[in-house]
Amino acid sequence: MENEFSGIAKLTRKHKKVQTLMHYVNEKTIKEEHNRQIKGKTAGIDGITKESYDANLDDNVSNLISRMKRFSYKPKAVRRTYIPKDASDKMRPLGIPSYEDKLVQGSMRNILDEIYENKFYNFSYGFRKGRNAHQAIKKVNEIIMRKKINFIVDADIKGFFDNVDHKWLIKFLEHDIEDKNFIRYIKRFLKAGIIEEMNYYESDKGTPQGGIISPVLANVYLHYVLDIWFEKVVKSKLKGDAYIVRYADDFVCFFQYENEANKFYQSLIKRLNKFGLELSEDKSKIIKFGRFARDNSLDGKTESFDFLGFTHINGKTLTGRYRVMHKTSMKKLKVKKANVKNWLKVNMHIGIPELIKKINKKLIGHYAYYGISGNYRSLVNFRRFILEAFYKVLTRRSQRSYLNVKRYRLLLEHFPIKEPKIYVDIW
């Protein structure tokens, strides 16, 4: 499949606009997308799962491709459900597409990835092959440590994925794609709508909730709204250094001079408004940051900023040299702790060896993401919280036998809980 899709990248480099893309959505690519789907996932409004679709795969795929060629295939509305957003009572909407829509979206996303990978800037890290959040954090560290940076614009776009303007998105896509049929199906996905508690709601803006194609569409939107504008327009008017690091809709901008950071902030508000987006001003700020931030502070204190689950702090090495420190965000940590407590309550009656095995799996996932240079103490504190929460759960399992601390320690000697580990060196 890589050889087949790689032809799109060659066309992109050769021509301003690419044509005849829909033939890449065929029985072969649909089946390969089917093989990538995970078993046991919740079904959309069609009730079809990977297992049920697989029972008659050849006929199902053949029928799907036939309908697509006749343009009788129409994406179904996504089924909306809600998951906890954070440690509060807030809930985050999650859309579950129908199974065939997942397959078609997956194939179309592969096409879009090939078209835009060479167009996107290197400072964009989210939802791109070979790129991840750790690389974005490492770049943040590199910019602050090596460049002439004194001020940071920590910006937050309010409800980005829910407010993408469809007309602008289609204009951006048509700037690079000259295949009316491909664009037609993009429009159908955007307009498919939402089903919630048996009620249908139109989707006149935003990207398909939970859709496989949503991340790349979001990247295309911000590539034109933010990235090109920053690189070609904003930087051309500055006297000092300026940089940006973006991961999906989460981004941070770096400036040498305060007045230029302030001007950019005001321009950013207008720029986002032009394309149907809004800056969340209560969550956005300009702060002094960098090796001279402490010297320029009246009280010797400096501010910090959160980005990709970490709080980034002006710190010092043991020898007194300046260094950017990266700690697990307290907000994220609060959510993690609340989730762990709830999970332990639900699973408290599982056998102890199996329960510890599951705890270790969760801890390894936590360490793999938050285990970056300088964050070891945060990992230790999180493990300590797990040990305490696990102990409390075990003491409630049975009223017949009391588990004292000594017996708990003996238990952990037989079934140890994973120690912290630094996985990523960002320094």
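How many bridges join strand 9 to strand 10, and do the two strands run parallel or antiparallel? In this predicted model, strand 9, made of residues 305-307, is joined to strand 10 by three bridges, and the two run antiparallel. Within this pairing, Asp306 has Thr311 of strand 10 standing opposite. The two strands make a hairpin with two residues between them, and in this hairpin Leu308 takes a positive phi near 60°.

Strand 10 itself covers residues 310-316 and is mostly covered, since five of its seven residues are buried. Strand 10 also pairs with strand 11, residues 322-328, in the antiparallel sense, and here the pairing extends over seven bridges. One position to look for is Gly315, whose bridge partner in strand 11 is Arg323. Strand 10 and strand 11 again form a hairpin, with five residues between them, and Gly320 in its turn has a positive phi of about 90°.

From these strands the reader can turn to an open sheet elsewhere in the chain, in which four strands follow the order 6-7-3-8 with antiparallel pairing. Its edges are strand 6, residues 242-247, and strand 8, residues 285-288, each of which pairs on one side only. From one strand to the next, the twist averages 20°. Inside the sheet, strand 3 (residues 151-156) and strand 7 (residues 250-255) run antiparallel and are joined by six bridges, with Val153 standing opposite Cys253 of strand 7. In general, the strands of a sheet pair through backbone hydrogen bonds, in either a parallel or an antiparallel way.

Two helices lie across strands of this sheet. Helix 6, residues 133-146, lies across strand 3, strand 6 and strand 7, and runs at about 165° to strand 6. Helix 11, residues 258-274, lies across strand 3, strand 7 and strand 8, and its direction makes an angle of about 15° with strand 3.

These elements belong to a protein with 15 helices and 11 strands, whose C-alpha trace spans about 70 × 65 × 40 Å along its principal axes. Of its 427 residues, 48% count as buried, and among the contacts with a separation of 6 or more, 69% are between residues 24 or more positions apart. The protein exposes about 23000 Å², of which carbon and sulfur atoms supply 49%. As for charge, there are 83 positive and 49 negative side chains, and the centres of these two sets lie 5 Å apart.

How values were computed. Residues numbered from 1 in each chain as written. Predicted model: local features only at pLDDT ≥ 70, side-chain atom pairs only at ≥ 80, totals over all residues. Heavy atoms only, no water. Buried < 20%, exposed > 50% of the residue type's maximum accessible area, 1.4 Å probe, protein only. Pairing = 2+ DSSP bridges. Contact = heavy atoms within 4.5 Å. Areas by Shrake-Rupley, 256 points an atom, 1.4 Å probe, with all protein chains shown as cover. Lys, Arg positive; Asp, Glu negative; His and termini not counted. Charge placed at Lys NZ, Arg CZ, Asp CG, Glu CD. Axes fitted to C-alpha atoms, helices over the stretch in contact; angles between N-to-C directions.
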